[in-house]
Amino acid sequence: MPTKLLPKNKKLIVANWKMNPENIFEARKIFSLLKKSNFNLKKVVAVICPPVIFLNELSTGYRGKKFIFGSQDVSLDNKKKYTGETGISILKTSGVRLVIVGHAERRALGETNQSVAVKIKNVISAGLTPVLCVGENRRDLDGTYLRFVEEQLHESLKKVSRKDIEKVILAYEPIWAIGKGRKAISTHELHQMTLFIKKILSAIYNKKVAMNVPILYGGSIDADNCEEIINKGEVSGLLVGRASLNPYIFSDILKKVSSV
Ligand code: PGA
(Lines give C-alpha, C1' and ligand atoms only; values in the text may rest on other atoms or scores of the structure.)
Protein backbone atom coordinates (compact mmCIF):
# COMPACT_ATOMS: atom_id res chain seq x y z
CA MET A 1 0.00 0.00 0.00
CA PRO A 2 1.51 3.32 -0.98
CA THR A 3 1.27 6.21 1.49
CA LYS A 4 -2.27 7.57 1.86
CA LEU A 5 -1.21 11.07 0.85
CA LEU A 6 0.10 9.84 -2.48
CA PRO A 7 -2.00 7.29 -4.40
CA LYS A 8 0.06 5.13 -6.74
CA ASN A 9 -1.20 6.74 -9.93
CA LYS A 10 -0.21 10.28 -8.87
CA LYS A 11 3.06 12.23 -8.71
CA LEU A 12 4.00 14.36 -5.73
CA ILE A 13 5.37 17.84 -6.36
CA VAL A 14 6.65 19.62 -3.27
CA ALA A 15 7.46 23.35 -3.29
CA ASN A 16 10.17 24.12 -0.76
CA TRP A 17 10.13 27.90 -0.36
CA LYS A 18 12.99 27.83 2.17
CA MET A 19 13.37 31.38 3.63
CA ASN A 20 11.41 33.01 0.82
CA PRO A 21 9.68 35.30 0.04
CA GLU A 22 10.67 38.33 2.09
CA ASN A 23 7.21 39.16 3.40
CA ILE A 24 3.64 37.96 3.72
CA PHE A 25 2.44 40.27 0.91
CA GLU A 26 4.70 38.49 -1.56
CA ALA A 27 3.71 35.12 -0.14
CA ARG A 28 0.02 35.93 -0.61
CA LYS A 29 0.71 37.09 -4.15
CA ILE A 30 2.57 33.92 -5.11
CA PHE A 31 -0.14 31.74 -3.61
CA SER A 32 -2.99 33.61 -5.27
CA LEU A 33 -1.29 33.20 -8.67
CA LEU A 34 -0.67 29.53 -7.95
CA LYS A 35 -4.34 29.04 -7.19
CA LYS A 36 -5.03 30.00 -10.80
CA SER A 37 -2.76 27.29 -12.13
CA ASN A 38 -4.30 24.71 -14.31
CA PHE A 39 -3.06 21.16 -13.83
CA ASN A 40 -4.64 17.74 -13.71
CA LEU A 41 -5.52 17.04 -10.10
CA LYS A 42 -6.01 13.39 -10.91
CA LYS A 43 -2.33 13.10 -11.75
CA VAL A 44 -0.54 15.34 -9.25
CA VAL A 45 -0.53 16.03 -5.52
CA ALA A 46 0.91 19.54 -5.04
CA VAL A 47 2.35 20.64 -1.70
CA ILE A 48 3.52 24.08 -0.61
CA CYS A 49 6.04 24.39 2.21
CA PRO A 50 6.28 28.10 3.02
CA PRO A 51 8.30 29.61 5.89
CA VAL A 52 6.46 28.58 9.04
CA ILE A 53 5.52 32.19 9.86
CA PHE A 54 3.44 32.41 6.66
CA LEU A 55 1.95 28.96 6.91
CA ASN A 56 -1.11 29.63 9.00
CA GLU A 57 -2.26 32.63 7.04
CA LEU A 58 -1.93 30.85 3.70
CA SER A 59 -3.57 27.62 4.82
CA THR A 60 -6.37 29.10 6.93
CA GLY A 61 -9.37 29.76 4.83
CA TYR A 62 -8.01 27.89 1.83
CA ARG A 63 -10.76 25.51 0.81
CA GLY A 64 -9.38 24.68 -2.61
CA LYS A 65 -8.33 21.20 -3.63
CA LYS A 66 -5.26 22.05 -5.71
CA PHE A 67 -2.76 22.43 -2.89
CA ILE A 68 -1.98 20.99 0.48
CA PHE A 69 0.50 22.43 2.94
CA GLY A 70 3.75 21.10 4.31
CA SER A 71 6.47 22.14 6.70
CA GLN A 72 10.20 22.45 6.02
CA ASP A 73 11.12 20.91 9.38
CA VAL A 74 9.72 20.10 12.83
CA SER A 75 10.98 20.32 16.38
CA LEU A 76 12.73 17.25 17.80
CA ASP A 77 10.29 16.91 20.64
CA ASN A 78 6.70 17.95 21.05
CA LYS A 79 6.54 17.63 24.82
CA LYS A 80 9.63 19.59 25.79
CA LYS A 81 9.12 23.20 24.84
CA TYR A 82 12.17 24.57 23.03
CA THR A 83 12.48 28.29 22.42
CA GLY A 84 12.35 29.07 18.71
CA GLU A 85 11.14 25.65 17.61
CA THR A 86 7.81 24.61 16.07
CA GLY A 87 6.29 21.41 17.40
CA ILE A 88 4.30 18.87 15.45
CA SER A 89 0.98 19.77 17.11
CA ILE A 90 1.31 23.44 16.10
CA LEU A 91 2.06 22.34 12.54
CA LYS A 92 -0.94 20.05 12.55
CA THR A 93 -3.32 22.77 13.69
CA SER A 94 -1.87 25.03 10.98
CA GLY A 95 -3.06 22.68 8.27
CA VAL A 96 0.20 20.84 7.63
CA ARG A 97 -0.10 17.32 6.13
CA LEU A 98 3.50 16.65 5.16
CA VAL A 99 6.83 17.40 6.87
CA ILE A 100 10.23 17.55 5.18
CA VAL A 101 12.78 15.95 7.49
CA GLY A 102 16.57 15.96 7.19
CA HIS A 103 16.89 18.39 4.29
CA ALA A 104 20.56 18.88 3.36
CA GLU A 105 20.45 22.48 4.57
CA ARG A 106 19.18 21.35 8.01
CA ARG A 107 21.85 18.66 8.10
CA ALA A 108 24.47 21.33 7.34
CA LEU A 109 23.23 23.16 10.44
CA GLY A 110 23.85 20.11 12.61
CA GLU A 111 20.88 17.80 12.04
CA THR A 112 22.07 14.21 12.53
CA ASN A 113 20.68 10.90 11.31
CA GLN A 114 19.75 10.24 14.93
CA SER A 115 17.63 13.38 15.27
CA VAL A 116 16.13 12.72 11.83
CA ALA A 117 15.09 9.24 13.05
CA VAL A 118 13.29 10.73 16.07
CA LYS A 119 11.54 13.37 13.94
CA ILE A 120 10.37 10.79 11.39
CA LYS A 121 8.85 8.71 14.17
CA ASN A 122 7.12 11.75 15.70
CA VAL A 123 5.69 12.85 12.36
CA ILE A 124 4.26 9.38 11.75
CA SER A 125 2.82 9.22 15.28
CA ALA A 126 1.08 12.54 14.68
CA GLY A 127 -0.59 11.06 11.60
CA LEU A 128 1.33 13.24 9.12
CA THR A 129 3.57 12.19 6.24
CA PRO A 130 7.35 12.60 6.56
CA VAL A 131 9.52 13.22 3.52
CA LEU A 132 12.93 11.88 4.48
CA CYS A 133 15.74 13.59 2.57
CA VAL A 134 18.99 11.82 1.82
CA GLY A 135 21.84 12.59 -0.54
CA GLU A 136 25.58 12.76 -0.83
CA ASN A 137 27.80 15.81 -0.93
CA ARG A 138 29.86 14.67 -3.89
CA ARG A 139 30.34 11.74 -6.17
CA ASP A 140 33.50 9.64 -6.20
CA LEU A 141 34.73 6.73 -8.25
CA ASP A 142 35.10 4.23 -5.45
CA GLY A 143 31.43 4.27 -4.43
CA THR A 144 31.91 5.97 -1.04
CA TYR A 145 28.85 8.09 -1.84
CA LEU A 146 26.74 4.96 -2.04
CA ARG A 147 27.86 3.88 1.44
CA PHE A 148 27.04 7.39 2.68
CA VAL A 149 23.45 7.24 1.38
CA GLU A 150 23.12 3.67 2.66
CA GLU A 151 24.13 4.80 6.16
CA GLN A 152 21.74 7.77 6.02
CA LEU A 153 18.89 5.40 5.15
CA HIS A 154 19.76 2.80 7.77
CA GLU A 155 20.14 5.32 10.59
CA SER A 156 17.28 7.66 9.65
CA LEU A 157 14.81 4.78 9.34
CA LYS A 158 15.94 3.07 12.54
CA LYS A 159 12.70 3.82 14.38
CA VAL A 160 10.37 3.03 11.48
CA SER A 161 8.75 -0.41 11.61
CA ARG A 162 7.77 -2.51 8.62
CA LYS A 163 4.19 -1.49 9.25
CA ASP A 164 5.01 2.22 9.29
CA ILE A 165 7.42 2.41 6.36
CA GLU A 166 4.46 2.66 4.01
CA LYS A 167 3.73 6.07 5.57
CA VAL A 168 7.15 7.43 4.59
CA ILE A 169 8.18 9.22 1.41
CA LEU A 170 11.86 9.44 0.48
CA ALA A 171 13.54 12.29 -1.32
CA TYR A 172 16.91 11.79 -2.95
CA GLU A 173 18.62 15.17 -3.13
CA PRO A 174 22.31 15.10 -4.03
CA ILE A 175 23.81 18.18 -2.35
CA TRP A 176 25.94 18.90 -5.42
CA ALA A 177 22.75 19.46 -7.44
CA ILE A 178 20.98 21.80 -5.00
CA GLY A 179 20.98 25.57 -5.43
CA LYS A 180 22.02 28.34 -7.77
CA GLY A 181 24.60 27.55 -10.43
CA ARG A 182 24.17 23.81 -10.03
CA LYS A 183 22.88 21.25 -12.51
CA ALA A 184 20.30 18.52 -11.99
CA ILE A 185 21.42 14.91 -12.00
CA SER A 186 21.31 12.96 -15.26
CA THR A 187 18.32 10.66 -15.60
CA HIS A 188 20.67 7.69 -15.95
CA GLU A 189 22.43 8.46 -12.67
CA LEU A 190 19.08 9.10 -11.00
CA HIS A 191 17.64 5.81 -12.15
CA GLN A 192 20.72 4.00 -10.83
CA MET A 193 20.27 5.74 -7.48
CA THR A 194 16.58 4.88 -7.17
CA LEU A 195 17.47 1.24 -7.83
CA PHE A 196 20.17 1.42 -5.17
CA ILE A 197 17.77 2.97 -2.64
CA LYS A 198 15.20 0.26 -3.36
CA LYS A 199 17.89 -2.37 -2.81
CA ILE A 200 18.69 -0.89 0.61
CA LEU A 201 14.99 -0.70 1.55
CA SER A 202 14.57 -4.25 0.45
CA ALA A 203 17.41 -5.33 2.75
CA ILE A 204 16.01 -3.35 5.71
CA TYR A 205 12.35 -4.35 5.17
CA ASN A 206 11.46 -6.50 2.20
CA LYS A 207 11.10 -6.31 -1.56
CA LYS A 208 7.40 -5.46 -1.54
CA VAL A 209 8.01 -2.53 0.81
CA ALA A 210 10.93 -1.37 -1.31
CA MET A 211 8.81 -1.26 -4.43
CA ASN A 212 6.06 0.74 -2.75
CA VAL A 213 8.00 3.53 -1.00
CA PRO A 214 7.78 6.63 -3.20
CA ILE A 215 11.12 8.23 -4.04
CA LEU A 216 11.20 11.90 -5.03
CA TYR A 217 14.11 13.76 -6.61
CA GLY A 218 15.26 17.25 -5.68
CA GLY A 219 18.04 19.53 -6.98
CA SER A 220 17.85 22.16 -9.76
CA ILE A 221 14.45 21.12 -11.04
CA ASP A 222 12.84 23.59 -13.43
CA ALA A 223 10.15 23.65 -16.09
CA ASP A 224 12.65 22.44 -18.71
CA ASN A 225 13.86 19.27 -17.01
CA CYS A 226 10.87 18.16 -14.88
CA GLU A 227 9.25 15.90 -17.48
CA GLU A 228 12.45 14.11 -18.40
CA ILE A 229 13.40 13.57 -14.76
CA ILE A 230 9.97 12.16 -13.97
CA ASN A 231 9.83 10.01 -17.11
CA LYS A 232 13.31 8.60 -17.31
CA GLY A 233 14.49 8.97 -13.72
CA GLU A 234 11.73 6.64 -12.50
CA VAL A 235 10.77 8.85 -9.54
CA SER A 236 7.40 9.39 -7.88
CA GLY A 237 7.75 13.15 -7.73
CA LEU A 238 9.93 16.20 -7.24
CA LEU A 239 11.12 18.50 -4.49
CA VAL A 240 11.44 21.93 -6.02
CA GLY A 241 13.37 24.83 -4.46
CA ARG A 242 14.07 27.99 -6.47
CA ALA A 243 11.68 27.22 -9.32
CA SER A 244 8.78 26.93 -6.86
CA LEU A 245 9.00 30.63 -5.99
CA ASN A 246 8.01 31.74 -9.42
CA PRO A 247 4.29 30.96 -9.66
CA TYR A 248 4.37 30.84 -13.46
CA ILE A 249 7.29 28.41 -13.57
CA PHE A 250 5.89 26.28 -10.77
CA SER A 251 2.47 26.15 -12.47
CA ASP A 252 4.24 25.07 -15.62
CA ILE A 253 5.99 22.27 -13.74
CA LEU A 254 2.67 21.11 -12.27
CA LYS A 255 1.04 21.17 -15.66
CA LYS A 256 3.88 19.34 -17.41
CA VAL A 257 4.14 16.65 -14.75
CA SER A 258 0.38 16.14 -14.72
CA SER A 259 0.41 15.47 -18.44
CA VAL A 260 3.34 13.03 -18.40
P1 PGA B 1 16.74 23.82 -5.80
O2 PGA B 1 16.56 23.28 -4.28
O3 PGA B 1 15.56 23.31 -6.58
O4 PGA B 1 16.76 25.30 -5.65
O5 PGA B 1 18.03 23.25 -6.30
C6 PGA B 1 16.05 22.02 -4.03
C7 PGA B 1 15.97 21.78 -2.55
O8 PGA B 1 16.82 22.27 -1.79
O9 PGA B 1 15.03 21.10 -2.08
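A polar contact here is a pair of N or O atoms within 3.5 Å. With that cut-off in hand, welcome to the close-up views; please keep in mind that the model is predicted.

**Figure 1. The ligand and the residues around it.** The ligand is surrounded by Asn16, Lys18, His103, Glu173, Ala177, Ile178, Gly179, Gly219, Ser220, Gly241 and Arg242. By class, this shell divides into 2 nonpolar, 6 polar and 3 charged residues. Which residue offers a polar backbone atom at 2.9 Å from a ligand oxygen? That is glycine 241, and the distance counts as a polar contact because the pair is within 3.5 Å. Side chains take part as well: an N or O atom of the histidine 103 side chain is 2.8 Å from an oxygen atom of the ligand, and for the side chain of arginine 242 the corresponding distance is 2.7 Å. Taken alone, the ligand exposes 280 Å², of which the protein buries 99%.

**Figure 2. Asparagine 16, a shell residue in a strand.** Strand S1, residues 11-16, holds asparagine 16. Is asparagine 16 buried or exposed? Its relative accessible area is 5%, so asparagine 16 is buried. A polar atom of its side chain lies 3.1 Å from the backbone nitrogen of lysine 18; both of these residues belong to the shell around the ligand. Not counting residues up to four places away in sequence, asparagine 16 touches Cys49, Gln72, Ile100, His103, Val240, Gly241 and Ser244. Two of these names, His103 and Gly241, may be familiar from the list of residues around the ligand.

**Figure 3. Serine 220 and glutamate 234, each with a positive phi.** Neither residue is a glycine, yet phi is about 55° at serine 220 and about 60° at glutamate 234. Where does serine 220 sit? Its place is the loop between strand S7 (215-218) and helix H9 (226-233), and it is also one of the residues around the ligand. Glutamate 234 is found in the loop between H9 and strand S8 (237-240). With 13% relative accessibility serine 220 counts as buried, whereas glutamate 234, at 45%, is partly exposed.

**Figure 4. The largest nonpolar core, seen around tyrosine 217.** As a general reminder, nonpolar side chains in soluble globular proteins tend to be buried together. The largest core in this model has 68 residues, and the members that touch the most others are Phe67, Tyr217, Leu238 and Ile253. Which helix gives the most to this core? Helix H7, residues 187-204, does, with 6 residues. A second, separate core has 16 residues, including Leu5, Val14, Ile68 and Leu239. Back at tyrosine 217, the contacts beyond four places in sequence are Tyr172, Pro174, Ala177, Ala184, Ile185, Leu190, Ile229, Val235, Gly237, Leu238 and Leu239. Ala177 in that list also appears among the residues around the ligand.

**Figure 5. Leucine 98 and aspartate 73.** Along the chain these two are 25 residues apart, and their C-alpha atoms are separated by 9.7 Å. Leucine 98 lies in strand S4, residues 96-101, while aspartate 73 belongs to the loop between strand S3 (67-71) and helix H3 (88-93). How do they compare in accessibility? Leucine 98 has 0% relative accessibility and counts as buried; aspartate 73, at 16%, counts as buried too, because the limit is under 20%. Beyond its neighbours within four places in sequence, leucine 98 is in contact with Leu5, Leu12, Val14, Val47, Cys49, Phe69, Gly70, Ser71, Thr129 and Val131. Leu5 and Val14 are also members of the second core. Aspartate 73, counted in the same way, touches Leu91, Val99, Ile100, Arg106, Glu111 and Lys119. With arginine 106 the link is a side-chain to side-chain polar contact of 3.1 Å.

**Figure 6. Two prolines to look up, proline 21 and proline 7.** Which residue is joined to proline 21 by a cis peptide bond? Asparagine 20 is, and omega is about -10°. Proline 21 is placed in the loop between S1 and helix H1 (24-34). Proline 7 comes from the segment before S1 and, at 32% relative accessibility, counts as partly exposed. Its C-alpha is 9.9 Å from that of proline 214, although 207 residues separate the two in sequence.

How values were computed:
Residues numbered from 1 in each chain as written. Predicted model: local features only at pLDDT ≥ 70, side-chain atom pairs only at ≥ 80, totals over all residues. Heavy atoms only, no water. Near = heavy atom within 4 Å. Polar contact = N/O pair within 3.5 Å; in protein donor to acceptor, adjacent residues only side chain to side chain. Areas by Shrake-Rupley, 256 points an atom, 1.4 Å probe, with all protein chains shown as cover. Nonpolar A, V, L, I, M, F, W, Y, C, P; charged D, E, K, R; others polar. Core = buried A, V, L, I, M, F, W, Y, C linked by side-chain atoms within 4.5 Å. Buried < 20%, exposed > 50% of the residue type's maximum accessible area, 1.4 Å probe, protein only. Helix = DSSP H or I, 4+ residues; strand = E, 2+ residues; numbered from the N terminus. Contact = heavy atoms within 4.5 Å.
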